[in-house]
Amino acid sequence: MDEIPAPINMVTGLIDRIPNEIEALALLCGSIAIFLLLHGFAFALALRLTADKSPILQSLIRRARRPMRLAFVLASLVITLPYLNLPYGWERMLAHTAQVLMIVIIGWTAYILVNHFTDRSILRHRMDEEPGLETRKYVTQVKVLRRIANIVLILLTSIAVLLTFDGVQEYGASLLASAGAAGLVLGLAARPVLANVIAGIQIALTQPIRIEDVVIVEGEWGWIE
């Protein structure tokens with residue numbers, strides 16, 4: 001009997017593998033769907049259990065809904081992937097996706113906690129009834145520093161996600177190896193962002209202006225918000 005040509009062998013092998021891959025993908029999608037249902041149930045239960053508690057706690061739970069959804073998807077990937085018979089390329093892609101999700105969840109959680117605790121701090125100082133100088137100073141500092149912290153968290157999370165890609169790592173290594181003109185270019189590009197961050201810190205610390213201050217610019221007046 002004549003030997004079957006290699007291309008035909010490859011095609012038949014691929015056809016034989018398709019049902020297994022479809023089954024594995026179906027199991028993965030089913031696992032993600034189950035974990036999303038569990039997330040919805042857990043979120044509804046948490047809201048019901050805290051219905052008579054502090055509204056600040058309920059606000060924190062509502063803010064945590066989306067990152068927790070990502071956490072449940074990540075859990076489904078971590079639990080299901082070892083039991084699936086997927087091609088190496090797909091396994092690598094899904095493992096990288098899980099790594100990116102983990103970084104995003106950590107950054108998002110830090111972002112939510114910063115906003116939650118700063119909101120709690122601001123609520124202790126009433127701004128709706130002729131706030132005093134100390135109250136306006138404090139609220140101004142907290143809001144400016146919160147925005148700076150949020151910008152730093154977003155930048156760090158974005159950098160961490162980009163560094164999970166091989167191409168970005170190689171580019172970063174070559175950039176460090178030739179840290180001459182490229183470093184100057186990056187420094188000039190980052191200058192506006194760094195200038196704004198430093199200006200924000202200076203405003204928060206030195207208090208040249210505060211929330212609810214009246215200012216006059218070129219004959220027009222208004223309030224700092």
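# A walk through the predicted model, starting from Asn115

In this predicted model, the side chain of Asn115 and the side chain of Asn150 make a polar contact with each other, at 3.3 Å. This pair is a convenient place to begin, and the two partners can be taken in turn. Asn115 is found in helix α4, and its relative accessibility of 12% means that Asn115 counts as buried, because buried stands for a value under 20%. Once residues up to four places away in sequence are set aside, Asn115 touches Arg63, Arg146 and Asn150. Asn150, for its part, lies in helix α5, where a relative accessible area of 10% makes Asn150 buried as well. With its neighbours within four places in sequence left out, Asn150 is in contact with Tyr111, Val114 and Asn115.

Two of the residues touched by Asn115, namely Arg63 and Arg146, lead on to the charged side chains. In general, side chains of opposite charge can pair when their charged atoms come close. How many salt bridges does a search of the whole structure find? The search finds two, and they can be described one after the other. In one of them, the side chains of Asp119 and Arg63 meet, with 2.3 Å from N to O. Since Asp119 belongs to helix α4 and Arg63 to helix α2, this pair ties together parts of the protein that stand 56 residues apart in sequence. Both partners are partly exposed, as the relative accessibility is 22% for Asp119 and the relative accessible area is 31% for Arg63.

The other salt bridge joins the side chains of Arg146 and Asp119, at 2.5 Å from N to O. Here Arg146 lies in helix α5 and Asp119 in helix α4, so the pair ties together parts that are 27 residues apart in sequence. Arg146 counts as buried, because its relative accessibility is 16%. Asp119 takes part in the bridge to Arg63 and also in the bridge to Arg146, and salt bridges that share partners in this way join Arg63, Asp119 and Arg146 into one network.

Helix α2, which covers residues 55–63, is also the place of Ile61. Is Ile61 buried or exposed? Its relative accessible area is 18%, and Ile61 is therefore buried. When its neighbours within four places in sequence are left aside, Ile61 is in contact with Phe43, Ala46, Leu47 and Thr50. For one of these, Leu47, the separation of the C-alpha atoms from Ile61 is 7.3 Å, although the two residues are 14 residues apart along the chain.

From these individual residues the view can widen to the nonpolar interior. The largest nonpolar core has twelve residues, and these are Ala24, Leu28, Val73, Leu74, Leu77, Leu81, Leu84, Leu86, Leu94, Ala98, Leu101 and Ile105. Three helices each supply at least two residues of this core: α1 (6–49), α3 (65–80) and α4 (88–123). Of the elements involved, α4 gives the most, with four residues. Leu77, one of the core residues, offers a closer look at such packing: not counting residues up to four places away in sequence, Leu77 touches Leu28, Ile32, Pro82, Leu94, Ala98 and Leu101.

Nonpolar side chains are also found at the surface, where Ile151, Val152, Leu155, Leu156, Ile159 and Leu163 make a patch of about 510 Å². Ile151, a member of this patch, has its place in helix α5, which spans residues 133–162. Ile151 counts as partly exposed because its relative accessibility is 39%.

Finally, the chain can be considered as a whole. The protein chain contains seven helices and two strands, and from the N terminus on these elements run α-α-α-α-α-α-α-β-β. Buried residues account for 25% of the 225 residues in the chain. Among contacts between residues at least 6 apart in sequence, 68% join residues at least 24 apart. The surface that the protein chain exposes comes to about 16,000 Å², of which carbon and sulfur atoms supply 67%.

Note on methods
Residues are numbered from 1 along each chain as its sequence is written. This is a predicted model: local features need pLDDT of at least 70, side-chain atom pairs count only at pLDDT 80 or more; totals for chains, interfaces and linings use all residues. Side-chain values use heavy atoms; hydrogens and water are left out. A nonpolar core is a set of buried Ala, Val, Leu, Ile, Met, Phe, Trp, Tyr and Cys residues joined through side-chain atoms within 4.5 Å. Buried means under 20% relative accessible area, exposed over 50%, partly exposed in between (1.4 Å probe, protein chains only). Contact means heavy atoms within 4.5 Å. Patches are made of residues with over 30% relative accessible area and no salt bridge: like charges are joined within 9 Å, nonpolar side chains (Val, Leu, Ile, Met, Phe, Trp, Tyr) within 5 Å. Accessible areas come from the Shrake-Rupley method with a 1.4 Å probe; for residues, only the protein chains shown count as cover. A salt bridge is a side-chain nitrogen of Lys or Arg within 4 Å of a carboxyl oxygen of Asp or Glu. A polar contact is a pair of N or O atoms within 3.5 Å; within protein, one must be able to donate a hydrogen and the other to accept it, and residues adjacent in sequence count only if both atoms are side-chain atoms.
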